[in-house]
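Colleague: I am new to this structure and should like to be taken through it. Please show it first.

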Amino acid sequence: MSEYSYDIVVLGAGPGGYECAIRCAQYGKKVALVEARELGGTCLNRGCIPTKALLHGAEMFEAAKSAADCGVTLGEVGFDFSKLAEYKDGVVNKLRTGIAGLEKAHGVKVIKGFGKVVDAHTLSVENDGNTESITFDKLIINMDSYELIVDGKKIDTPPKEIELLFFLASNPNRVFTRSQLLDEVWGFDYFGDTRTIDVHVKRLREKLENVSDQWELATVWGVGYKFKLNTPQGAAADSAK
Ligand SMILES: Cc1cc2nc3c(=O)[nH]c(=O)nc-3n(C[C@H](O)[C@H](O)[C@H](O)COP(=O)(O)OP(=O)(O)OC[C@H]3O[C@@H](n4cnc5c(N)ncnc54)[C@H](O)[C@@H]3O)c2cc1C
C-alpha cells in the first residue's frame, strides 16, 4: 500500500494530460487528473475543435452560395452566427462528455480545481474557495503549449491573449466590459484585477495591427471593448446600428 493518495497525479487535462492519465492507469497506476477548467484543455474547448467546427459552418455557407453553379437549387442562402455557435458548443460538449467517460472507465479520478505544487509529493487543489491537498509519488505537469498564426504570420503571443482573441472572434461586434471579459474568457480570475485585461488587449491590438486589417479591436470608452471582424456580416451588423 502506497504512502501517497495517488501513484501519479497529472496536472492539466488537455490532449496531452487526459491521454497520459489513461495510459498511466492502463499500466495499473492509481491516477488523478487535475484540471482547473474543462476536460479537453485548449484543444477541445478553445482551440482545434471549436475552430474546425466554425470553419465547417463557413465552408457549408460558401458551398451553398455556389451550389447553383452545379445545378443544385436552394432557396435564399442566409447565415446565422448564433446557430453556428450553438453547433460548435454541441460538438465541444459531446467530446467533453466522451473524455469524462473514458477517464471514468479507466479508473482515473478527475479532480476539478487549480493545482499548486506544495512540495515534492503534495499538490494543493483550489476550487470555488475550497482547498484540498492530495499527495502523489510522481507528478506529471501538462499545462499548455500554444502557437498562433494569423493570415499566415506567426504571432508570439502568450496563452491568455490567444484565448482572449479566440473568444472575441467568436463574438464579433459585441461590446464587453472588462469584468465580463475576465469572467467569460478565463472563467475565474487568474489575475485578481480587471486592469490586466487592459494590458492583454493593448498587446493584442498591437500585434493584430501588424499582421492583418481584417480585425479591429476598439476601446469603447467608459464601457470596455469591442472586437470587429471586417466580414460582410460584420459590416451588415454595423450599418444596422
Ligand atoms: C485557436 C487555436 C486553434 C488550434 N488549432 C489546432 C489544430 O488545428 N491542430 C493542432 O494540432 N493544434 C491546434 N491548436 C493547439 C492545441 O490546442 C494545443 O497544441 C494543445 O491544446 C496542447 O495540449 P496540451 O495538453 O499540451 O495543453 P492544453 O490543451 O493547453 O491543456 C492544458 C490544461 O492545463 C490546465 N491548467 C493549466 N494550469 C493549471 C493548474 N495550475 N491547475 C490545473 N489545471 C491547469 C488548463 O486549464 C488546460 O486545460 C490550437 C490552439 C488554439 C489556441
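Modeller: The questions below concern strand pairing, the ligand surroundings and the nonpolar cores. This is a predicted model, in which local features need pLDDT of at least 70, side-chain atom pairs count only at pLDDT 80 or more, and totals for chains, interfaces and linings use all residues. Residues are numbered from 1 along each chain as its sequence is written.

Colleague: Which residue stands opposite Val10 in strand 6?

Modeller: Strands are DSSP runs (E, at least two residues), as helices are (H or I, at least four), numbered from the N terminus; two strands pair if DSSP finds at least two bridges between them. Strand 1 (residues 6–11) pairs with strand 6 (residues 130–141) in the parallel sense over five bridges. Opposite Val10 in strand 6 stands Ile140.

Colleague: In the hairpin of strand 5 and strand 6, which residue takes a positive phi?

Modeller: Strand 5 (residues 122–127) and strand 6 run antiparallel, joined by six bridges. Two residues lie between the strands of this hairpin, and the positive phi, near 55°, belongs to Asp128.

Colleague: Which residues are the closest to the ligand?

Modeller: A residue is near a molecule if its C-beta atom, placed from the backbone, lies within 6 Å of it. The ligand is surrounded by 27 residues, the closest being Gly12, Gly14, Gly16, Gly41 and Gly47.

Colleague: With which residues is Ala21 in contact, leaving aside its neighbours within four places in sequence?

Modeller: Contact requires C-beta atoms, placed from the backbone, within 7 Å. On that basis, the residues in contact with Ala21 are Val10, Val31, Leu33, Glu103 and Val108.

Technical notes: Two residues are in contact if their C-beta atoms, placed from the backbone, lie within 7 Å.
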